[in-house]
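User: Could you take a close look at one part of this model for me? I would like to start from a single charged pair and then see how its surroundings are put together.

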Amino acid sequence: MAAVDTYRSEVARRAHYRCEYCRYLEAASSTPLEVDHIIPEARDGITTLDNLALCCRSRNLHKYVKIDAADPRTGETTSLFNLRAQHWPEHFTLDRDTGTIQGVTPAGRATEKALVLNSPHAVTTRQLLIRLGLFI
């Protein structure tokens, strides 16, 4: 964990201080966002900037050691959204009226479901941040 801590400021700055999965703003959180291994160490992921992401606690807990999940539309197993190799707007959309994030590709849909991007608490918080102009 100490190795991850040495990268935290750079990871946070690169992420614009937002969870890279659900875009939750760190300043709106009562606890700091966490540094997550995109490919978990338990899956032989290494601690390098290219394999680290800023992540809210909820997304990090739901992700755990997952690297893939079922696409809820097709049932086929697909890799989760890769923050370093893929672009968020190509895989997700935000409904600003409802506060929900929808996956629009197999990776986006699998990630949306596996990381529980639309839990009731996440959606309520997102709606508030949207109203306050604090959500991208």
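Are Arg109 and Asp71 buried or exposed? Please go on from there to the other salt bridges and the strands and loops you find worth a look.

Analyst: Happy to! Please keep in mind that this is a predicted model. Arg109 is buried, and Asp71 is buried as well. Their side chains meet in a salt bridge, with 2.7 Å from N to O. Arg109 belongs to helix 4 (residues 106-114), while Asp71 sits in the loop between strand 3 (68-70) and strand 4, so the pair ties together parts that are 38 residues apart in sequence.

This pair has company, as a search of the whole structure finds 5 salt bridges. Another one joins the side chains of Arg84 and Glu20, at 2.9 Å from N to O. Here Arg84 is in the loop between strand 4 (77-79) and helix 3 (88-91) and Glu20 is in the loop between helix 1 and strand 1, so this salt bridge ties together parts that are 64 residues apart in sequence. The burial of its partners is worth spelling out. Glu20 is buried because its relative accessible area is 14%, whereas Arg84 counts as partly exposed because its relative accessibility is 28%.

A further salt bridge runs between Glu26 and Arg8, whose closest N and O atoms are 2.5 Å apart. It links distant parts of the chain, with Glu26 in the loop between helix 1 (2-14) and strand 1, Arg8 in helix 1, and their positions 18 residues apart. Glu26 has a relative accessibility of 14%, so it counts as buried. Arg8, at 23%, counts as partly exposed, because the buried class needs a value under 20%.

The loop between helix 1 and strand 1 also holds Arg23, whose phi is near 65°, a positive value in a residue other than glycine. As background, most residues other than glycine have a negative phi. Tyr64 is another case, with a positive phi of about 50° although it is not a glycine. You will find Tyr64 in the loop between helix 2 (57-63) and strand 3, and its 62% relative accessibility is why it counts as exposed.

Now let's move to strand 1. Its two faces are covered: Glu34 and Asp36 on one side, and Val35 and His37 on the other, are all buried. Strand 1 pairs with strand 2 in the antiparallel sense over 4 bridges, and the bridge partner of Asp36 in strand 2 is Ala53.

The loop between these strands is a good place to zoom in. Ile38 lies there, and its relative accessibility of 7% is why Ile38 counts as buried. Leaving aside neighbours within four places in sequence, the contacts of Ile38 include Tyr21, Asn51, Lys63, Ile67, Leu83 and Arg84. Arg84, as described above, is a salt-bridge partner of Glu20. The C-alpha atoms of Ile38 and Leu83 are separated by 7.5 Å, although these residues are 45 residues apart along the chain.

Asn51 is placed in the loop between strand 1 (34-37) and strand 2 (52-55). With a relative accessibility of 7%, Asn51 counts as buried because that value is under 20%. Its side chain reaches the backbone nitrogen of Ile39 at 2.8 Å. Not counting residues up to four places away in sequence, Asn51 touches Asp36, His37, Ile38, Ile39, Gly45 and Ile46.

Strand 5 (residues 92-95) gives you another pattern: Phe92 and Leu94 form a covered face, while Thr93 and Asp95 form an uncovered one. Strand 5 pairs with strand 6 (residues 100-103) in the antiparallel sense over 4 bridges, and the bridge partner of Phe92 in strand 6 is Gly103. Their hairpin has 4 residues between the strands, and Gly99 in this hairpin takes a positive phi near 80°.

Finally, a look at the surface. Leu128, Leu132 and Leu134 make a nonpolar surface patch of about 270 Å². Leu128 is in helix 5 (residues 120-131), and it counts as partly exposed because its relative accessibility is 43%.

Methods:
Residues are numbered from 1 along each chain as its sequence is written. This is a predicted model: local features need pLDDT of at least 70, side-chain atom pairs count only at pLDDT 80 or more; totals for chains, interfaces and linings use all residues. Side-chain values use heavy atoms; hydrogens and water are left out. Buried means under 20% relative accessible area, exposed over 50%, partly exposed in between (1.4 Å probe, protein chains only). A polar contact is a pair of N or O atoms within 3.5 Å; within protein, one must be able to donate a hydrogen and the other to accept it, and residues adjacent in sequence count only if both atoms are side-chain atoms. Contact means heavy atoms within 4.5 Å. Two strands pair if DSSP finds at least two bridges between them. Patches are made of residues with over 30% relative accessible area and no salt bridge: like charges are joined within 9 Å, nonpolar side chains (Val, Leu, Ile, Met, Phe, Trp, Tyr) within 5 Å. Accessible areas come from the Shrake-Rupley method with a 1.4 Å probe; for residues, only the protein chains shown count as cover. A salt bridge is a side-chain nitrogen of Lys or Arg within 4 Å of a carboxyl oxygen of Asp or Glu.
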